[in-house]
Amino acid sequence: MKKIEEFEQIIGYTFKDKELIHHALSHSSYANERKRANGSNERLEFLGDSVLSIVVSDYLYKNLNVPEGDLTKLRASLVCEKSLHVFAKKIQLGEFLLLGKGEENTGGRERPSILADAFEAVIAAIYLDGGMAPAAKHILRFMPEDIKVSKKPVFDDFKTLLQEIVQKNPEEKVEYVLIGEEGPDHNKRFVVEVCLNSQVIGKGKGKSKKEAEQLAAKEALELMGYETQ
């Protein structure tokens with residue numbers, strides 16, 4: 001409880017339901033060790049991703065008068081794993097994570113994918129506990145005040161680039177499918193296929209689902225003849 005109170009002070013939000021923030025800080029390795037099948041932060045991460053997206057989209061729409069394509073690229077750069085890792089470090093999130101022994105012993109507190117996922121889970125916990133207003137307040141503290149459109153495209157966000165290409169043909173549909181997981185909890189690898197109208201066009205393997213999806217999109221772009229370097 002003392003650690004939770006310390007974390008609440010850092011983020012500037014006090015939870016009415018402490019179980020929510022405990023859940024948000026619980027990595028799957030911790031939940032598995034305690035045989036709590038639904039005790040990890042993965043479901044909260046799913047919800048937090050959506051809350052983050054709408055808040056950042058709203059912020060960009062109101063602060064920048066630029067075309068939709070630029071808004072999409074800017075949003076992608078702000079909600080990507082690399083950015084969320086930086087945001088998580090600003091609130092010392094790694095110090096408060098609940099990890100299994102294997103993950104603890106292999107540097108899980110500093111792993112970008114774990115920190116990024118937990119950051120989204122914390123957003124969801126705030127949203128469920130207090131609503132959109134405090135969740136948005138928490139997210140917006142990480143947004144740059146002097147945000148500008150870069151002339152250099154965000155090519156490392158391969159999912160966004162692939163989506164923009166596919167959207168030129170409205171009848172086309174892109175879908176990412178998790179087809180497998182490999183390795184122990186502290187060193188898991190996720191395998192994802194990206195499909196275009198149910199046809200597999202790329203495959204990726206990564207330490208997180210997000211990374212695997214990005215690599216699957218990268219392979220699809222390369223097979224389509226696009227430069228990704």
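Two strands are said to pair if DSSP finds at least two bridges between them. The legends below describe close-up views of a predicted model.

**Figure 1. The three-stranded sheet is open and antiparallel.** The strands follow the order β1-β2-β3. Strands β1 and β3 form the edges, each of them pairing on one side only. From one strand to the next, the twist averages 20°. Strand β1 comprises residues 174-182, β2 residues 189-196, and β3 residues 199-206.

**Figure 2. Strands β1 and β2 form a hairpin.** Eight bridges join β1 to β2, and the pairing is antiparallel. Two of the residue pairs may be picked out: E175 has C195 of β2 as its bridge partner, and E181 is matched in β2 by F190. Six residues separate the two strands of this hairpin. Within the turn, G183 adopts a positive phi of about 90°.

**Figure 3. A second hairpin, with two residues between its strands, links β2 and β3.** Seven bridges connect these strands in the antiparallel sense. V192 stands opposite G204 of β3. Between the strands, N197 has a positive phi near 50°. S198, in the loop between β2 and β3, also has a positive phi, near 75°, although this residue is not a glycine. S198 counts as exposed because its relative accessibility, 67%, is over the 50% cut-off.

**Figure 4. Helices α10 and α11 lie across strands of the sheet.** Helix α10, residues 158-166, crosses β1 and β2 and runs at about 145° to β1. Helix α11, residues 209-223, lies across β1, β2 and β3, with an angle of about 135° to β3. The buried residues of α10 are F158, T160, L161, L162, I165 and V166. Among the elements that cover these buried residues are β1, β2 and α11, as well as α5.

**Figure 5. The largest nonpolar core contains 45 residues.** Within this core, the residues with the most contacts are F7, L60, L93 and F119. At least two core residues come from each of the helices α1 (2-11), α2 (18-24), α4 (42-63), α5 (68-79), α6 (81-90), α8 (112-130) and α9 (132-140). Helix α8 contributes the most, supplying eleven residues. A separate, second core has 15 residues, including L162, V174, A212 and L221.

**Figure 6. The surroundings of L60 are shown in detail.** L60 is one of the residues with the most contacts inside the largest nonpolar core. When neighbours within four places in sequence are set aside, L60 is in contact with L71, L74, R75, L78 and I147.

**Figure 7. Q92 is a residue other than glycine with a positive phi.** The phi value of Q92 is near 55°. This residue is placed in the loop between α6 and α7, the latter spanning residues 101-105. Q92 counts as partly exposed because its relative accessibility of 35% falls between the 20% and 50% cut-offs.

Note on methods: Residues are numbered from 1 along each chain as its sequence is written. This is a predicted model: local features need pLDDT of at least 70, side-chain atom pairs count only at pLDDT 80 or more; totals for chains, interfaces and linings use all residues. Side-chain values use heavy atoms; hydrogens and water are left out. Helices (H or I, at least four residues) and strands (E, at least two) are DSSP runs, numbered from the N terminus. Axes are lines fitted to C-alpha atoms, for helices over the stretch in contact, and angles run from 0 to 180 degrees between N-to-C directions. Contact means heavy atoms within 4.5 Å. A nonpolar core is a set of buried Ala, Val, Leu, Ile, Met, Phe, Trp, Tyr and Cys residues joined through side-chain atoms within 4.5 Å. Buried means under 20% relative accessible area, exposed over 50%, partly exposed in between (1.4 Å probe, protein chains only).
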